[in-house]
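Colleague: I am new to this structure and would like a close look at a single part of it, followed outward to whatever surrounds it. Please go slowly, and connect each step to the one before.

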Amino acid sequence: MRRHRSSPRRGALAALAAAGAALGGFGALWLALPDPAPLARAAPVTTALIEQRRAEARSHRRTLRPERAWIALERLPPHVVDAVILSEDARFYGHEGIDWEATREAAGHDLARGHFARGGSTITQQLAKNLWLGTEKSLFRKLKEALLAYKLERTLSKRRILALYLNVAEWGDGVFGIECGARARFGVGATDLSVAQGVVLASMLPAPRRVDLARPSTWIKRRSRRLLDRMAQAGRLSPEEHGHASAELERILAGPRPVEDQEEPPEDDARGEGQDGAVVSSPAAP
């Protein structure tokens, strides 16, 4: 009888020990992850994604010389910032680093495909990955990404997170940041981007190295047109602005299809996990 009475106690003690170990491991991981505080004032010297691209280039016996140039958020046209937010993280100003609704949708999508394909990452999570993690896909990396996103949101303002993201995101082979992305893709500085050009840059973020605007694929055409329409639906563009931008967009995307055309963004690139954000009618920034 004593053995029977002690069994539940042993089970409870084992559960408590396991919970304590899990909390201890979680705390150790939290402390081991980078502190975002220095980024409140200083731009990062390099990023995990840049160093990953350097290593990949070395493995192919070539040298990567990243193109980078910082531009202040205040200098960017509002329509460019709106395009990126609506494309990548429509609820950016309404979450604390993780968009749980998008995460649930992405989990269902991944389960249906049987592998990591669509991570539902917010802009904050993408920034964490670009800065510190690279493009590896694993549950442990997703845990670190979530913790780093929470750290970023606790430490930095939304505007600072957005400025960092726009200046470290990949926009082509060796091209990082929207200023260099604008110059590489359209030959203009980011301050001079038109609505259509901003839409194309935002739409290519799931796989920027796979985009050739001389031979635009089906997926970049589809995403760009959808995004432009969402900007109008969300009140970011007037009907006249939408009409002008739509005509320019068709000129930008007028090239022939590539030989190996794709209807969905390739999965293994700078991000590989598009949200294709929902339409929201609230302002892009408070």
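Modeller: The place to start is Arg61, which lies in the loop that leads from α2 to β1, the latter being residues 67-68. Since this is a predicted model, everything below describes computed coordinates and should be read with that in mind. Arg61 counts as exposed because its relative accessible area is 82%, and the cut-off for that word is over 50%. Its backbone also deserves a second look, for the phi angle of Arg61 is near 60 degrees, a positive value in a residue that is not glycine. As a general background to that remark, most residues other than glycine have a negative phi.

Let us now look at both ends of this loop, beginning with the helix before it. Helix α2 covers residues 48-59 and contains Arg53, whose salt-bridge partner Glu170 is in strand β2 (residues 170-172), so the pair ties together parts that are 117 residues apart in sequence. The N to O distance in this bridge between the side chains of Arg53 and Glu170 is 2.9 Å, and the side chains of the two residues are also recorded as making a polar contact at 2.9 Å. How exposed or buried are the two partners? Arg53 has a relative accessibility of 6% and therefore counts as buried, and Glu170 also counts as buried, because its value is 2%. The charged exposed residue of the loop, Arg61, can thus be set beside Arg53, a buried arginine in the helix before it. The pair does not stand alone either, since Arg53, Glu56, Glu170 and Arg209 are linked in a network of salt bridges. In the structure as a whole there are 15 salt bridges.

On the other side of the loop comes β1, which belongs to an open sheet of three strands with the order β1-β3-β2 and mixed pairing. The edge strands of this sheet are β1 and β2, each of which pairs on one side only. Strand β1 runs parallel to β3 (residues 175-176), and two bridges join them; within this pairing, Arg68 stands opposite Phe176 in β3. Strand β2, for its part, is where Glu170 lies. The loop that holds Arg61 therefore has α2 at one end and β1 at the other, with Arg53 of α2 reaching by its salt bridge to Glu170 of β2.

From the sheet the path leads on into the nonpolar interior. The largest nonpolar core has 60 residues, and Leu166, Trp171 and Ile178 are those with the most contacts inside it. The elements that each supply at least two residues of this core include α3 (78-88), α5 (123-133), α7 (158-168), α8 (178-186) and α10 (218-233). The greatest share comes from α7, which gives seven residues. As a general point, nonpolar side chains in soluble globular proteins tend to be buried together. Ile178 shows how such a position gathers neighbours from distant parts of the chain: leaving aside residues up to four places away in sequence, it touches Ile71, Leu76, Val80, Leu166, Trp171, Ala190, Leu193 and Leu201.

Another salt bridge provides a contrast with the one that began in α2. Glu145 forms a bridge with Lys142, with the closest N and O atoms 3.0 Å apart, and here both residues lie in helix α6 (residues 139-155), three residues apart, about one turn of the helix. Glu145 counts as buried because its relative accessibility is 0%.

Finally, it helps to place these details within the whole chain. The chain has eleven helices and three strands, and its order from the N terminus is α-α-β-α-α-α-α-α-β-β-α-α-α-α. Of its 286 residues, 50% count as buried. Among contacts with a separation of 6 or more, 75% are between residues that are 24 or more positions apart, and the bridge from Arg53 to Glu170, spanning 117 residues, can be read against that background.

Technical notes: Residues are numbered from 1 along each chain as its sequence is written. This is a predicted model: local features need pLDDT of at least 70, side-chain atom pairs count only at pLDDT 80 or more; totals for chains, interfaces and linings use all residues. Side-chain values use heavy atoms; hydrogens and water are left out. A salt bridge is a side-chain nitrogen of Lys or Arg within 4 Å of a carboxyl oxygen of Asp or Glu. Helices (H or I, at least four residues) and strands (E, at least two) are DSSP runs, numbered from the N terminus. Buried means under 20% relative accessible area, exposed over 50%, partly exposed in between (1.4 Å probe, protein chains only). A nonpolar core is a set of buried Ala, Val, Leu, Ile, Met, Phe, Trp, Tyr and Cys residues joined through side-chain atoms within 4.5 Å. Contact means heavy atoms within 4.5 Å. A polar contact is a pair of N or O atoms within 3.5 Å; within protein, one must be able to donate a hydrogen and the other to accept it, and residues adjacent in sequence count only if both atoms are side-chain atoms. Two strands pair if DSSP finds at least two bridges between them.
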